[in-house]
Amino acid sequence: MASVIKQIPYNEYTANGVATVYPFEFELLQAADLVVSFDGVAQPASIFTLAGVGVQEGGTVTFDTAPTAGVKVLLERRIKLERTTDYQTNGDLRAPVLNLDFKRLWQALQQQGAGQESALRAP
């Protein structure tokens, strides 16, 4: 049975100018789902190597050069809200494909929930 565990879809760090390896503790279904930013500015995938795609416990981002000391490093799962699977009429409905499709939906909902947890609320 496929399941989606509750995960916080981001990890935040303050760079020390020496460390190049930063872990992320959430599952990525595709490398394109990860956004890396320094002080709020998205960074190109060409400056790091990603390990752990498809691993439920997460993985690591290894930068070619250590981020500057004091920089806020954010590793965030950001799933685009779009449909990429096209099921065919009278076609095969295979469990692995269907489970992956639903898993992406649940992860997108976790992403939305994480954003709402940090929002201001009126009493």
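Which residue stands opposite Phe38 in strand 4? To get there, let's walk through the sheet this residue belongs to, keeping in mind that the model is predicted.

Start with the overall layout. The sheet is open and built from 4 strands, and reading across it gives the order 1-7-3-4, with antiparallel pairing. Strand 1 (10-14) and strand 4 (41-42) sit at the edges with a single partner strand each, so one side of each has no neighbour in the sheet.

Now step across from the strand 1 edge. Strand 1 runs antiparallel to strand 7, which covers residues 72-77, and 5 bridges join the two. If you want a spot to look at, find Tyr13, which stands opposite Val73 in strand 7.

Keep going and you come to the pairing of strand 7 with strand 3. Here too the strands run antiparallel, joined by 5 bridges. A handy marker for this pairing is Val35, whose bridge partner in strand 7 is Glu76.

The last step takes you from strand 3, residues 34-38, over to strand 4; these two are antiparallel as well, and 2 bridges join them. This is where the opening question gets its answer: the residue opposite Phe38 is Val41.

Before you leave this corner, have a look at the loop between strand 3 and strand 4, because that's where you'll find Asp39. Most residues other than glycine have a negative phi. Asp39 isn't a glycine, yet its phi is positive, at about 50°.

How values were computed
Residues numbered from 1 in each chain as written. Predicted model: local features only at pLDDT ≥ 70, side-chain atom pairs only at ≥ 80, totals over all residues. Heavy atoms only, no water. Pairing = 2+ DSSP bridges.
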